[in-house]
Amino acid sequence: MEDLLEMLEYIQPKTEEEINEHFEILKQLAKKRGNYYGMSKDSLPDELIPYLLDFEERQWIKFYGDDRRGITIPDYLRDWHTPEEAVEHVIEEMEEAYLTGDYQKALGSRWHPNFNFPSNELANEYYRLKSQAFDIYAQKLVSEQKALDYFMNNESIRGTRMNRFSEQLEKDVVKVASEEIRLITDFNDMKDYFDTHAFFCGISKHSYRPEIKVVTATRLVLAALCEATESKDIAYILSYTGGSWTGLNSKYKIVYPSNWDFNRVFDEMSTPEAMAVIESEMQRLQRLNTHKRS
């Protein structure tokens, strides 16, 4: 009976003006939802259901799925946000989050508002503007001296503790880095520090190659570090960071432990296997440098 009533709604005569008006409603609904690929028929307002076959007949929508419960609008018919419009919506939510004390959301931690765009260029511009907006709120949090207290006193917002610098040698590196980090109070300067520095964490016993870690820090971590002055607090905050490995010949300025001596360590590790790897690495770097010059 319900299917029959739905079918009767479909076949009721409609004017072109009504069809156009309701298609505009559908386009605006898709726009409000970020213009994702498709929408579930079940999520549409009741007033649109009788018009779907009319839209399909005019090739304004396509049904997908075996049960035809999903619909999508062709790209050329969508009403797209400009990157600026999309970011305005994001900023409204950021402002509300900041005012209610949800600084994690205001800084973009675990919140990634996405909008689709008709080209990669527009999408990249949106990501750039969105990143700038999050940075502004991070700067605001630091200027109001709220970041460190928020990070330290809210366990749920810190994420997973990685203990990235757990060995004694790595702890020594953090001590050296903290002397520089504690002097940085500007958010952009702190961001630049981690964009340009990596941390030496020893030499692998298996490959005899240096282990160098690059830290990936969230805006909330960077903001908290801007306020931290104690080495123990800096080390604690850094224990919640992610990261990756890099090499000696990377773009980063490498932070070494205090009194670090490469020659001494190589002498101590100068087994035939270790020296063979070191020689191979030196030859590889020489080839790279020769290639760059040519």
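A residue counts as buried when its relative accessible area is under 20%. By that criterion Lys27, with a relative accessible area of 17%, is buried, because its value falls under the cut-off. The structure considered here is a predicted model, and the values discussed below are computed from it.

Lys27 lies in helix 2, which spans residues 16-32. Apart from neighbours within four places in sequence, Lys27 contacts Ile73, Leu77 and Asp79. The same helix also holds His22. The relative accessibility of His22 is 13%, so this residue is likewise buried. Its contacts, again leaving aside neighbours within four places in sequence, are Glu47, Leu48, Tyr51 and Phe55.

The setting of these two residues can be placed within the chain as a whole. The protein chain contains 13 helices and seven strands. Of its 294 residues, 40% are buried. Among contacts between residues at least 6 apart in sequence, 71% join residues that are at least 24 apart.

The discussion now turns to the nonpolar interior. In soluble globular proteins, nonpolar side chains tend to be buried together. The largest nonpolar core in this model has 52 residues, and the members touching the most others are Ile181, Phe194, Phe199 and Leu225. Helix 6, residues 120-143, gives the most to this core, with nine residues. A second, separate core comprises 18 residues, including Leu44, Leu48, Tyr51 and Leu77. Of these, Leu48 and Tyr51 are in contact with His22, while Leu77 is in contact with Lys27.

Within the largest core, Ile181 offers a useful point of entry. Not counting residues up to four places away in sequence, Ile181 touches Met190, Tyr193, Phe194, Leu225, Ile234 and Leu238. Ile181 belongs to helix 8, which covers residues 168-181, and Met190, Tyr193 and Phe194 fall within helix 9, residues 187-196.

How do helix 6 and helix 9 pack, in terms of angle and axis distance? Two packed helices are described by the angle between their axes and the distance between the axes. For helix 6 and helix 9 the angle is about 120 degrees, and the axes are 9 Å apart. Helix 6 is therefore oblique to helix 9. On the side of helix 6 the contact is formed by Ser131, Asp135, Ala138 and Gln139, and on the side of helix 9 by Phe187, Asn188 and Lys191. Classified by residue type, this contact has two nonpolar, three polar and two charged residues.

Helix 9 also takes part in packing against a sheet. Strands of a sheet pair through backbone hydrogen bonds, either parallel or antiparallel. In this model four strands form an open sheet in the order 6-5-4-7, with mixed pairing. The edges are strand 6 (242-246) and strand 7 (253-255), each of which pairs on one side only. From one strand to the next, the twist averages 40 degrees. Strand 4, residues 197-203, pairs with strand 5, residues 210-216, in the antiparallel sense over three bridges. Phe200 stands opposite Ile212 of strand 5.

Two helices can be followed onto this sheet. Helix 8 packs on the sheet and touches strand 4, strand 5 and strand 7, its direction making about 155 degrees with that of strand 4. Helix 9 likewise touches strand 4, strand 5 and strand 7, but its direction makes about 40 degrees with that of strand 4.

Definitions and conventions
Residues numbered from 1 in each chain as written. Predicted model: local features only at pLDDT ≥ 70, side-chain atom pairs only at ≥ 80, totals over all residues. Heavy atoms only, no water. Core = buried A, V, L, I, M, F, W, Y, C linked by side-chain atoms within 4.5 Å. Buried < 20%, exposed > 50% of the residue type's maximum accessible area, 1.4 Å probe, protein only. Contact = heavy atoms within 4.5 Å. Axes fitted to C-alpha atoms, helices over the stretch in contact; angles between N-to-C directions. Parallel < 35°, antiparallel > 145°, perpendicular 65-115°, else oblique. Nonpolar A, V, L, I, M, F, W, Y, C, P; charged D, E, K, R; others polar. Pairing = 2+ DSSP bridges.
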